[in-house]
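Colleague: Could you take me through one part of this protein slowly? I am new to reading structures, so a friendly, close look would help.

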Amino acid sequence: MKPVVAILLLGVCACAQDLSDIRIETVAEGYVFAEGPVWGRGGYLIFSDVPRNTLFQLKPPQRPSVFRENSNGAMGNTFDAEGRLYTCETHQRRVTRTDKKGKIEVLAERWQDKRLNAPNDIVVRKDGQVYFTDPAFGNQQDTRELDFYGVYHLSHKGELELVAKPKGRPNGIAISPSGRVLYVTNSDERNVRAYDLDRNGQASNERVLVSGIEGIPDGVRVDEKGNLYVAADKVEIYTPEGKQLGSFVLAQTPSNFAFGDDDFESLYITARTSIYRVRLNVKGSVQY
C-alpha cells in the first residue's frame with residue numbers, strides 16, 4: 001500500500017519540541033478497531049485488532065502480518081526489559097505474558113476470588129513492576145463480578161494489589177521517564193490522574209493532572225522529556241505538569257500510541273481502521 005501523507009499545522013508553546021509542521025503518514029489500514037500498539041526491539045510494531053481477535057506485526061516498510069490469531073480479545077500490549085510481551089485479554093478477562101519462545105503465562109485474572117472486568121491497557125516499569133487498568137465497556141458491563149473499576153499493580157514477585165478504584169472507567173496507562181510517576185486516563189471523567197511510585201512500586205498521592213479533555217481519553221504515552229500524548233477526539237499533548245502544549249487532528253479518532261523506529265522518534269498511532277506514523281524530533285520514553 002502506498003502511504004498517504006498529509007501536512008497539518010499544530011500550535012505549541014516555544015518550550016516544547018518543534019511540532020509546528022508535522023507529516024502524518026498512513027502506514028496500514030483496513031482494520032476493524034486497531035489498539036494496543038507497542039514497539040519491539042526487533043524493529044517491529046505489535047498491535048491489536050480487537051473485533052477480529054487478532055494481534056498483528058508491522059515491520060516497515062513491509063505490510064502487516066498476523067502475529068497471533070485467537071488472541072482472546074487482546075487490547076493493550078507492552079514489553080518488559082527481557083523482551084517478553086504482556087497482553088490485556090478482554091475476552092478471558094486476564095493479563096498474560098508471552099516469553100520469547102511463545103509460551104503464554106497467566107499473570108492476573110482474579111481479585112479477591114472474583115474475575116477481573118476486562119483488563120484494557122498495561123505498562124511495565126524497568127524493574128519489572130506491572131500496572132494495568134481494568135474498566136468495562138459495552139457488553140463487558142453485563143458480566144462483571146466486581147462492583148468497581150480498578151487500577152492494579154502486579155509486583156515483580158507476582159503479588160497483585162489494587163492501586164485505585166476511580167468512579168469513572170480508567171483506560172490508558174503510562175509511566176514517566178524516571179519511573180516515579182504513573183499516569184492513568186479516565187474515559188468517563190475526561191481526565192488524566194497521576195500517582196507517585198516509590199522504589200518498591202507502591203503508588204501514592206493520587207491527583208488529577210489534566211482535566212476537561214475534549215472527547216473520550218483513551219491511550220497515553222510519554223516522551224523522553226516527560227510530555228504526555230493523550231488519545232481523545234484528537235492527539236493532545238501536555239507537559240509533565242499538565243499544561244497543554246498543543247494538539248493535532250487525524251482522519252480518524254486515535255485510540256493509542258507507541259514510539260518506534262530505530263531512533264525511537266516516530267509516534268505510531270492506532271486510530272480505528274488505520275495505523276498512522278508521525279515523525280517527531282523527540283524520542284519516546286523507554287521502560288524496557
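Colleague: How much space lies in the largest cavity?

Modeller: Happy to help! Keep in mind that this is a predicted model. The largest cavity holds about 270 Å³ of space. Lining this cavity are 22 residues, and the closest to its centre are Thr-78, Val-123, Arg-221, Ser-285 and Tyr-288. Try finding those five on your screen. Next, look at the strands around them. At least two lining residues come from each of β3 (34-40), β7 (74-79), β13 (122-124), β17 (170-175), β21 (220-222) and β25 (256-260). Sorted by class, the lining of the largest cavity has 16 nonpolar residues, five polar ones and one charged one.

Now for the rest of the cavities. The count of cavities of 30 Å³ or more comes to two. The second largest cavity has about 40 Å³ of space, and its lining is made up of Val-151, Pro-166, Pro-170, Val-184, Thr-185, Asn-186, Asn-191, Arg-193 and Tyr-195. Here the elements giving two or more residues are β18 (181-186) and β19 (191-197). By class, this lining has five nonpolar, three polar and one charged residues.

You can also set the largest cavity beside the largest pocket, which has a volume of about 490 Å³. That pocket is lined by 27 residues, with Phe-33, Met-75, Asn-120, Phe-137 and Asn-171 closest to its centre. The pocket lining has eight nonpolar, twelve polar and seven charged residues.

Notes:
Residues numbered from 1 in each chain as written. Predicted model: local features only at pLDDT ≥ 70, side-chain atom pairs only at ≥ 80, totals over all residues. Heavy atoms only, no water. 1 Å grid on protein atoms, 1.4 Å probe; cavity = no way out; pocket = protein on both sides within 12 Å on 5 of 7 lines; lining within 4 Å. Points joined across faces, edges and corners; volume = space filled by probe spheres on them. Nonpolar A, V, L, I, M, F, W, Y, C, P; charged D, E, K, R; others polar. Helix = DSSP H or I, 4+ residues; strand = E, 2+ residues; numbered from the N terminus.
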